[in-house]
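Hi everyone, thanks for making room for me today. Let me put the picture up, and then we can walk through it together.

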Amino acid sequence: MAPAFCAICKTQRALIRRPKNHQKLCKSCFIQIFEDEVHHTITSSQLFSPGERIAIGASGGKDSTVLASVLKTLNEKHKYGVDLVLLSIDEGIKGYRDDSLETVKRNALQYEMPLKIVGYDELYGWTMDQVVETIGKKGNCTYCGVFRRQALDRGAKMLGIKHVVTGHNADDVAETILMNLLRGDLARLSRSTSIVTGSNASEVKRSKPLKYAYEKEIVLYAHHKKLDYFTTECIYSPEAFRGSARSLIKNLERVRPSAILDVVRSGEDMARLVPGQTPDACGCRIKEATVPKAVEEDSVGGCGSANGRAGGGEMAVMEKELRQNEAAEAEGLETEIPVGKMHQSKRESKQLDTPAKPGNVSLPIIPKQKLGTCERCGYMSSQKLCQACMLLEGLNKNRPEISI
Amino acid sequence: MNNDAEQMTTEGTPKETPGVAQEVPKIELVVEFSGGLEMLFSDQRRHSLSMPATDQDGKPVTIASLIDHLCRHTMRDQRTELFVLDGHLRPGILVLINDADWELEGEEAYEVQSGDNILFVSTLHGG
């Protein structure tokens, strides 16, 4: 095959074929356009404001490494005037996080950014290794996801930072949209499409500047810029590789590469049809779009690996289990969801002493959440105890001997 | 199978001496794995290999036959389905042929040349 030339500069050999439009680009034009598009996302959604301090949730993996690299480049080039810090979570998994934290430490030097590492042990008194020792491998991703989400917020608080950016990409978002669509959970689907999350009540906002970036292009960007990132599969989620929504997305991409962004756009359009939800889309698609916010408390799956991306539904099941004080007995999580949710809302109405529910809620829309704070730890929560404290309660009950 | 693979990676040029009619000419390539695929290939990123320039039917080696060769001779892990699904490279694995996206080069039909660098990158792993 004769080498193709770059569609932009017309002089260099094309090395990349863009999934979204099949455009053939050379290395430097690709790097340029990738950065320009992230810049477009940031400016059209007004993600940053000058003087803002921003924590980059950094795992050492491809997405957060690319995010850190691109944000550093853009901040210098376009003079955002933001102060970037790397924030890493140490889940306490020997042989997994150790190596990736080493990568983050190198990134901190490479990008000249301060690095803060917060550990589950200091925050919760439990490492993931200890959690797994207690409850087994099944269902541990739920714990890890809940803990991580709060850990990022708490880490940011320790640093006095009010904005955390994460490396979620278009594939991740499309995956979450599909999962929620397949579950019939439009409320969560709606929230998962937002580029900015974090309610007004929460002190830390979250955003996803790579929301429109293809995973493929993120990997190619990292490759062509020779970024230093770490790849590993969490040792506690051996099935992660088979995440079914993920395979579905990748299979669709193979046949029709634009499918990923199409799913993201469909998700955004569907989100606008969900009552009580704020619309979200790339700022240039809807002119009147203000920076939208949604309650993050239980949206996108917390785990960096494919398995955790399964999203919040597992959590509903887990909560139900916890209340029944059988946290360790995980059933087939996915299929149990509708049951779990029904139980949950029934129970909630009793527990929380909320005013009588208007009729029977037949739609799987979560009742309007009352935002308060967890009475134990003060973290934002719509219930008496936040999810982390609820999980911890179950764990501490099961902690062998150590109590007293 | 182990011995076979050893040969493939250690075998140098000596057998290419012309005049030995039976010998199939060999091609030398560098195959690299990253993004988590290393774990299927002895945790080693870079593999130099030498393989027959034509397949059993006498056709030039393509990426498709290279993938087959890698599964038979280089992979040290039982889980071939993490690399190949339904007879094709698993979706979500990128291939760069001399740094160019294989989609620009004809994908599986690309005829491998001696000296090529073929990189397989998984996008499927978390961070």
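Here is something to look for while you get your bearings: which backbone nitrogen does the side chain of A:N75 reach? Keep in mind that this is a predicted model. The answer is the backbone nitrogen of A:G81, at 3.2 Å.

Let's stay with A:N75 for a moment. You will find A:N75 in helix α2 of chain A. Is A:N75 buried or exposed? Its relative accessibility is 15%, and the cut-off for buried is under 20%, so A:N75 counts as buried. Leaving out residues up to four places away in sequence, A:N75 touches A:Y80, A:G81, A:V82 and A:L84. So A:G81 turns up twice: in that list of neighbours, and as the partner of the side chain of A:N75.

Next, a look at what the record says. An unreviewed UniProt entry lists a "binding site" made up of A:G57, A:A58, A:S59, A:D63, A:I89, A:G167 and A:D172. I'd like to pick out two of these.

The first one I chose is A:A58. A:A58 sits in the loop between β3, residues 53–57, and α2, residues 62–77, of chain A. With a relative accessible area of 11%, A:A58 is buried. Who are its neighbours? Setting aside residues up to four places away in sequence, A:A58 touches A:S64, A:L86, A:L87, A:S88 and A:V104.

My other pick is A:D172. Here we are in a helix, α7, which covers residues 170–183 of chain A. A:D172 has a relative accessibility of 4%, and it counts as buried too.

Now zoom out to where the two chains meet. How many residues does each chain bring to the contact? Chain A brings 33 residues and chain B brings 27. About 2700 Å² is buried between them, with carbon and sulfur atoms giving 55% of that area.

What about charges? Five salt bridges are found across the interface of chain B and chain A. One to find on your screen joins the side chains of A:K216 and B:E103, at 3.0 Å from N to O. There are also nine residue pairs in polar contact across this interface.

On the chain B side, β5 (93–97), β6 (100–101) and β7 (117–122) each supply at least two residues that touch chain A. The largest share, three residues, comes from β5(B). Sorted by type, the residues on that side divide into 11 nonpolar, nine polar and seven charged.

That's my tour, so please ask away!

Definitions and conventions
Residues are numbered from 1 along each chain as its sequence is written. Chains are lettered from A and ligands numbered from 1 in the order in which they are written. This is a predicted model: local features need pLDDT of at least 70, side-chain atom pairs count only at pLDDT 80 or more; totals for chains, interfaces and linings use all residues. Side-chain values use heavy atoms; hydrogens and water are left out. UniProt positions are given in the numbering used here, feature names are shortened, and annotations may be inferred rather than shown by experiment. Helices (H or I, at least four residues) and strands (E, at least two) are DSSP runs, numbered from the N terminus. Buried means under 20% relative accessible area, exposed over 50%, partly exposed in between (1.4 Å probe, protein chains only). Contact means heavy atoms within 4.5 Å. Buried area is the accessible area (1.4 Å probe) that two parts lose on being put together, summed over both. A salt bridge is a side-chain nitrogen of Lys or Arg within 4 Å of a carboxyl oxygen of Asp or Glu. A polar contact is a pair of N or O atoms within 3.5 Å; within protein, one must be able to donate a hydrogen and the other to accept it, and residues adjacent in sequence count only if both atoms are side-chain atoms. Ala, Val, Leu, Ile, Met, Phe, Trp, Tyr, Cys and Pro count as nonpolar, Asp, Glu, Lys and Arg as charged, and the others, Gly among them, as polar.
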